[in-house]
Every structure is written in C-alpha cells, then in structure tokens.
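Grab a pencil and your favourite viewer. Here are a few exercises to work through, each with its solution written out step by step.

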Amino acid sequence: MKGSRQNEGFHTVEVGETAFTVLERYQNLRQVGTGAQGVVAAAYDTQLKQNVAIKKLSRPFQNVTHAKRAYRELRLMSLVNHKNIIRLMNVFTSQKTLEDFQDVYMVMELMEANLSQVVNLELDHERLSYLLYQLLCGVRHLHAAGIIHRDLKPSNIAVKSDCSLKILDFGLARTANQGFLMTPYVVTRYYRSPEVILGMSYSGTVDIWSIGCIFGEMVRGQVLFPGSDHIDQWNKIIETLGSPTPEFVNRLQPAVSNYVRTRPHYRGMSFSRLFPDGCFPTESGGSRALAAQARDLLQKMLELDPNKRINIDDALRHPYTNIWYEPSEVEAPPPLQYDNSLDERELTVEQWREELWREVINWR
Ligand SMILES: Cc1nc[nH]c1-c1ccnc(Nc2ccc(N3CCOCC3)cc2)c1
C-alpha cells in the first residue's frame, strides 16, 4: 500500500562500490551483478520471507537513452505476466519529492545465475531442450504483447538450479540509438540478427535468430559469431553460414546492398560440420537422434533470410522442444498490448524525469 511505503523507514548499505538506500524490509544485501543500467543485489525480504533481487537504477533520467529504457522497463514489467519473464514485485525510491528524485529501485524474484554461467556447461538434452522451450515461451509472450526484444543474450536471461529460466529485461526500444552509449559498458552485438545489423525492417523473427545463437553457443560452448563491430559481425555470419541469396540482397537499402555485394562469396559450412555429434551430449539412448533434431532446429533458427527463418510457434512444435509443450505455458493469456508509441516520444531529460517519478510513486 502506498501509505505504508511512504512512511516506512529506509536504511543505506554499501553493495560493492554502490550505496543502496532501501526499505527496511530488505535485509542482508549482497551484490550479484552489474549491468548497463545499474547494480543488482540479492536481499532477503523480511515481509514476504523470501529472497529477492534489487536492481538500483542510478539517475535513470541522466540521458534520454537511460530514461527511455527505464520507463519502458517499468511499464512493460508491470504489464506482462508470464513464468518465463522476471516478475516485478516492488518499485520504490527513498526520495520524497520530484526535486530530490535521484534513484529507482526495482525488486524482483531472485534467480541463481545468468545464462552466461551456463553456456559452457555440458548440458544433457533434457536440460538443453527445456531451457530452449522456456526461452521460446517467454519470447512468444512478449510478441503476443506487441514487444519485440531485439537484444536477447545470455546476460539478460537468468536461471535456477531447477532449470527454470526467466528473461530479465525487454531489450531495445524501437527508437533506441543503436550505437553510442554514455556508459563504459560495451554493447554485445554477437546475438543480433542480420536484419538488425543491416538496418532492414524487422519482425519478431529477429528474436528467433538471437535464440538460435544462444542455443548454438550452449551446444558449442563458445560464441557463434563474436563480431567486434557490425561489419565484423556480418563477415563472421556469412563466412560461417554462407553468402545471402541475390533475392535477399535486393531487399536491402541500396547503400547496404552495394556493400554486401562487395563481400567475397562464401558457400558456408554444413550444420553437421558446424555442430558435429561430438559437441552434443552423449548420454545413453537416443542421443544421436536428439542431436539430429537439435541440429535441424538450429539450422531453421540460424536462417539468414528472415522470410525463411522458422517462427516461434513452429519452433515450439519442433520435435526437439514439443516434448515440453504445455498449452497453459505456451498460450498464456497475452497481456494488454504495449503501446510502442510511448517509446517514440522525444522528451527532454527533465520530462523523462517527471514521467519516471510518476511511474514510481504511482506503482501498484
Ligand atoms: C535484474 C537483473 N539484472 C541482472 N541480473 C539480474 C537478476 C535478477 C534476478 N536474479 C538474479 N540472480 C542472480 C544472477 C546472477 C548471479 N551470479 C552472477 C555471477 O556470479 C555468480 C552469481 C546470482 C544471482 C539476477
């Protein structure tokens, strides 16, 4: 209830190098991560008697990129409701007025690791297919709400030892500036689809490409396309998968298609060479058949041409993942539609500050 939160006391603790000023109910804070948006701590919620994660957004209105992302995340997290998308449990600030407004704290359910810690483990097919299935379910729910993530990567997906998986954020706003960031954090592009790299119009299948890259990395134990920038990223993709078809190139904007045509011609590697049986789990039983199914799904996800790439519903019905198919999980009622136009608004830093302040003090 708003009243209690306003009056309830706060305490300040150091988490790494960062001061967290949080409601007294949250105790025993310890750092678990840092992201481009801020620091994340694990804590114990003495009211709910459960562990939680608390993300501190430091001055989220410092520039338009941060403000848009924070605003979008607050609105989207309150809007979607799915077991494979992290749930927002509480939002607060210790500042009492808009003039003093500085920081936002977002409280979520605590997971145990992110997928970056999992990609180099030898996972059996059961875990591999279950993680993939849950990722597809979460992304399907986002798409049902009109949200295309566009920036799925292992660091924004969290897991627990029971193999449950949750997507941690909502990716890029449609009008997010693709390149320059004010923070020292390097933007990871390894998982971005050809259409995002080449500035083409895009649809939900951009997220299927990213999921294919993540799935391939879990099989291979290394990043599939570790490009140092967009040019290098494109070169690595075509060296591995082969050059795009003329039909695909003709759909590009003139300047981009001219560049793409200057590239050498690559045949690309076969998927049985890219993902040989040896890199799949070799536990007893039908693992050769499972390896063939996993390879087939990978090939359909890592299709250069978005028009030919497998879509989410077909990926969820693929033999490799449909063993987990639960209509209640796949077809969870789509939330209200997200109004993307909210992303398009060009507000000043001061206006975003007020928008964020309003979102925080009016939060449920
Ligand atoms: C919202 C958010 N943004 C980034 N991360 C999170 C988040 C959200 C919910 N739970 C967790 N849990 C969690 C994640 C990673 C770790 N490890 C990191 C590496 O070293 C071993 C532990 C431990 C716990 C993290």
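The exercises below go through a predicted model, starting at the ligand and ending at a helix.

**Exercise 1. Work out which residues surround the ligand and what kinds they are.**

Step 1: List the shell. The residues around the ligand are V32, V40, A53, M108, E109, L110, M111, E112, A113, N114, Q117 and L168.

Step 2: Sort them by type. The shell splits into 8 nonpolar, 2 polar and 2 charged residues.

Step 3: Place them on the fold. Strands β7 (103–109) and β8 (113–114) each give at least two residues to the shell.

**Exercise 2. Find how far a backbone N or O atom of M111 lies from a nitrogen atom of the ligand, and how much of the ligand the protein buries.**

Step 1: Go to M111. One of its backbone N or O atoms sits 2.9 Å from a ligand nitrogen.

Step 2: Check the cover. On its own the ligand would expose 540 Å², and the protein buries 75% of that.

**Exercise 3. Locate K49 and R59, then describe their phi angles and exposure.**

Step 1: Recall the background. Most residues other than glycine have a negative phi.

Step 2: Look at K49, in the loop between β4 (38–45) and β5 (50–58). Phi of K49 is positive, near 55 degrees, and this residue is not a glycine.

Step 3: Now R59, in the loop between β5 and α2 (64–79). R59 has a positive phi too, of about 45 degrees, again without being a glycine.

Step 4: Apply the cut-offs: exposed means over 50% relative accessible area, buried under 20%, and partly exposed in between. K49 has 60% relative accessibility, so it counts as exposed. R59 has 35%, so it counts as partly exposed.

**Exercise 4. Classify the ring pair F10 and F92, and say which parts it ties together.**

Step 1: Get the geometry. The ring centres of F10 and F92 are 6.2 Å apart, with the planes at 50 degrees.

Step 2: Compare with the limits. Rings pair if their centres lie within 6.5 Å, and planes under 30 degrees apart are stacked while those over 60 are edge-to-face. The F10 and F92 pair falls in neither class, so it is tilted.

Step 3: Trace the chain. F10 belongs to strand β1 (residues 10–15) and F92 to strand β6 (residues 88–92), so the pair ties together parts that are 82 residues apart in sequence.

Step 4: Check the cover. F10, at 21% relative accessibility, counts as partly exposed, whereas F92, at 1%, counts as buried.

Step 5: Zoom out. Ring pairs join F10, F20, Y26, F92 and Y105 into a cluster, and the count of aromatic pairs comes to 12.

**Exercise 5. Test whether the span of helix α3 agrees with its number of residues, then inspect its surroundings.**

Step 1: Work out the expectation. Helix α3 (residues 125–144) has 20 residues, which should span 28 Å at 1.5 Å a residue.

Step 2: Compare. The end C-alpha atoms of α3 are 28 Å apart, which agrees.

Step 3: Count the buried residues. In α3, 14 of the 20 residues are buried, so the helix is largely enclosed by the rest of the structure.

Step 4: Look at both ends. At the start of α3, a side-chain oxygen of D124 comes within 3.1 Å of the backbone nitrogen of E126. Just after α3, G146 has a positive phi of about 80 degrees.

Note on methods. Residues numbered from 1 in each chain as written. Predicted model: local features only at pLDDT ≥ 70, side-chain atom pairs only at ≥ 80, totals over all residues. Heavy atoms only, no water. Near = heavy atom within 4 Å. Polar contact = N/O pair within 3.5 Å; in protein donor to acceptor, adjacent residues only side chain to side chain. Areas by Shrake-Rupley, 256 points an atom, 1.4 Å probe, with all protein chains shown as cover. Helix = DSSP H or I, 4+ residues; strand = E, 2+ residues; numbered from the N terminus. Nonpolar A, V, L, I, M, F, W, Y, C, P; charged D, E, K, R; others polar. Buried < 20%, exposed > 50% of the residue type's maximum accessible area, 1.4 Å probe, protein only. Phe/Tyr/Trp six-rings, centres within 6.5 Å; stacked < 30°, edge-to-face > 60°. Expected span 1.5 Å × (residues − 1).
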